[in-house]
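Visitor: Please walk me through this one. Short answers are fine.

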Amino acid sequence: MESLQIKGAILSPSSGDAYTAALKRNSDLSTLRAAYVVQPATVSDIPLVLAYAAAQSPPLEVAVKGGGAHSSTWASSEGGIVIDLSKLNKVTLAEDKQSISVQGGALWEDVYKVTSQANVDVVGAPLWFVGVGGFTLGGGYGPLSGEHGLAIDNLLSATVVLDDGRVVRTSAEEEPDLFWAIRGGGGQFGIVVEFVFKVHPYAGPFTGGLLVCPVADKADLAKISDLITEWKKAQTSAERFTLHFSRPPPEFKPCVLIFPSTLHDADGARAHDSFAPFLELGRPALPFKPAPDFLTVSHAADRALEHAPRRLAIRGTMFTDFFPELLGAVWDKWLEFTEGNADVRSSAVLWDCTVPDRIADVKPGDTALKTRVPHYWMAVQGRSTTDESVDACRNFTADVAQFVRAKNTELSGQDLGWLFNMCQGDEKPEDVFGENLPRLREIKDKYDPKNVFSRGVSVKSRT
Ligand SMILES: Cc1cc2nc3c(=O)[nH]c(=O)nc-3n(C[C@H](O)[C@H](O)[C@H](O)COP(=O)(O)OP(=O)(O)OC[C@H]3O[C@@H](n4cnc5c(N)ncnc54)[C@H](O)[C@@H]3O)c2cc1C
């Protein structure tokens, strides 16, 4: 392997610190010890690595790393080759500012550096360190999704390295099946080395803040969910919030944290007006403050995350509405879990409230993403300070996500399945892709018949 003539870096356990650094992921639970980590410097390096992996007997497993933010081990490999795209992170805004080309290993920070300078915006992740690759291939719910839909709904074209080393361009006109599959089907069809996204006019200034609502009993929680139901009636695509069940340090008392955020809000007036009713429930821990650009917004959580335990397990699903019974039952589960074991008290449950209409404008069969009825998404984040409590975190995240899906189905009559970007790989593909699964299987057989790109929620047919 070391003698492979590529322009990028080839790292192995004998490379010392550089190898150790290259294995690092956002969650310590996502790291596996690869035989080699290859960091291509050009797209033409990648076919050589794929050919090398295929020529071994048995062939070496190939894993692809974008930003390394996914809380599974999908971007890592035990004993195989990781193709780490971090050096392929160039971002180029088109001269007419209507589109932006982003290499497959870029982080959203790389994109926001360019868009913020140019006073334009794109649908991307709320946090700077999330990779463009994984986020987009799994759908991509972002703070601008209320106005412009998901990241995949803003994807114009992509360039993909296939299992046999061919490099193809895909769009609605070129290789349209592949284009359909990578919009929600994940990284199992090839390595995306370039995404081209639609660019939108500047959506800022962006106002954000934090309200802390202490919850003494179920009645407090019921008040919050009643308020949300009322508030949503006037919500526009420029206002959203995330709600967290959390025990903020230093006291670690159970709270509901509400992070309101607004678009097009130069002086914070929109945030003050829109979120005024919430001020009756809690105290502002951070005042409403406008940020000039999305790069700044994407760093807003840095201080809080700096001290968060790095053993992180995430599962997520979708839900139809902020039903009081749903919130109440999850609150009880979270309270019990975080009360009984100090190792896991940083574990949190996050509920996103973005206007879902633009997402639901796209039909379920138009992209590989299953769920297009109006919906919201939630994430269960299990964090542990010790190895001993990791299994408890994993079980907690799985149990709560399963519960939310089942309870939401009972309350709404709609089974929304799993949120691909927060799956772990043990989910049934039927539950992730629904009626799109048969077409995904056909496309997988066409573009990656040997299942070279095997990580994720596999659609490979078992026959
Ligand atoms: C703190 C946090 C907040 C998040 N918030 C959101 C959110 O608001 N909305 C949302 O939708 N998701 C969110 N996510 C989930 C996130 O979108 C996924 O974890 C996503 O996979 C991260 O992308 P990545 O490139 O960093 O992942 P990686 O860990 O690098 O990869 C994840 C998967 O994508 C594949 N992949 C990555 N890049 C490529 C590529 N270029 N070509 C082919 N395959 C590729 C990998 O092989 C792997 O299977 C969040 C995650 C975290 C940890």
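Guide: Let's start with serine 246, which counts as buried at 13% relative accessibility. Buried means under 20% relative accessible area, exposed means over 50%, and partly exposed is in between, with a 1.4 Å probe and protein chains only.

Visitor: Hold on, what kind of model is this, and what are the ground rules?

Guide: This is a predicted model: local features need pLDDT of at least 70, side-chain atom pairs count only at pLDDT 80 or more, and totals for chains, interfaces and linings use all residues. Residues are numbered from 1 along each chain as its sequence is written, and side-chain values use heavy atoms, with hydrogens and water left out.

Visitor: Good. Back to serine 246: which strand is it in?

Guide: Serine 246 sits in strand β13. Strands here are DSSP runs of E with at least two residues, helices are runs of H or I with at least four, and both are numbered from the N terminus.

Visitor: What is serine 246 in contact with, beyond its sequence neighbours?

Guide: Setting aside neighbours within four places in sequence, serine 246 contacts Lys253, Pro254, Cys255, Leu257 and Trp334. Contact means heavy atoms within 4.5 Å. There is also a long-range pair: the C-alpha atoms of serine 246 and leucine 350 are 8.6 Å apart, with these positions 104 residues apart along the chain.

Visitor: Another serine, then. Is serine 298 buried or exposed?

Guide: Serine 298 is buried, at 0% relative accessibility. Its helix is α9 (residues 294–298). Leaving out neighbours within four places, serine 298 touches Tyr112, Pro126, Leu127 and Trp128.

Visitor: Now helices. Which residues of α8 are buried?

Guide: In α8 (residues 269–279) they are Ala271, Ser274, Phe275 and Phe278. Seen down the axis, these fall within an arc of 95°, so they line one face of the helix. The arc is that of the directions from the helix axis to the C-beta atoms.

Visitor: What does that buried set of α8 pack against?

Guide: The buried residues of α8 pack against one helix, α7 (218–232), and against β12 (206–214), β13 (239–246), β14 (255–262) and β15 (283–291).

Visitor: And α2, which residues are buried there?

Guide: Asp45, Ile46, Val49, Leu50, Tyr52 and Ala53. They cover an arc of only 160° around the axis, which puts them on the same side of α2. Ala54 and Ala55 are exposed, on the face turned away from that side. The buried residues of α2 pack against β2 (36–39), β3, β4 (81–84), β8 and β10.

Visitor: Tell me about β8. How many of its residues are buried?

Guide: Six of the seven residues of β8 (155–161) are buried, so the strand is largely enclosed by the rest of the structure.

Visitor: What does β8 pair with?

Guide: β8 runs antiparallel to β10 (191–198), over six bridges. Five bridges join β8 to β9 (167–171), also antiparallel. Two strands pair if DSSP finds at least two bridges between them. Take serine 157: its bridge partner in β10 is valine 196, and in β9 it is serine 171. β8 and β9 form a hairpin with five residues between them, and glycine 165 in the turn has a positive phi of about 95°.

Visitor: Backbone oddities next. Where are the cis peptide bonds you can point to?

Guide: One joins serine 57 and proline 58, with omega about -5°. Proline 58 is in the loop between α2 (45–55) and β3 (62–65). Another joins glycine 204 and proline 205, with omega about -10°. Proline 205 lies in the loop between β11 (200–201) and β12.

Visitor: Which non-glycine residues have positive phi?

Guide: Lysine 97 is one of them, with phi near 60°. This residue lies in the loop between β5 (91–93) and β6 (99–103). Lysine 97 is partly exposed, at 38% relative accessible area. Phenylalanine 252, in the loop between β13 and β14, also has a positive phi of about 60°.

Visitor: Zooming out, what are the domains?

Guide: The assignment gives domain 1 (9–87), domain 2 (91–202) and domain 3 (206–422). Such bounds come from an automatic or database domain assignment. The centres of domain 2 and domain 3, over C-alpha atoms, are 25 Å apart. Their contact takes 33 residues from domain 2 and 33 from domain 3.

Visitor: How much area do domain 2 and domain 3 bury between them?

Guide: About 2800 Å², 62% of it on carbon and sulfur atoms. Buried area is the accessible area (1.4 Å probe) that two parts lose on being put together, summed over both.
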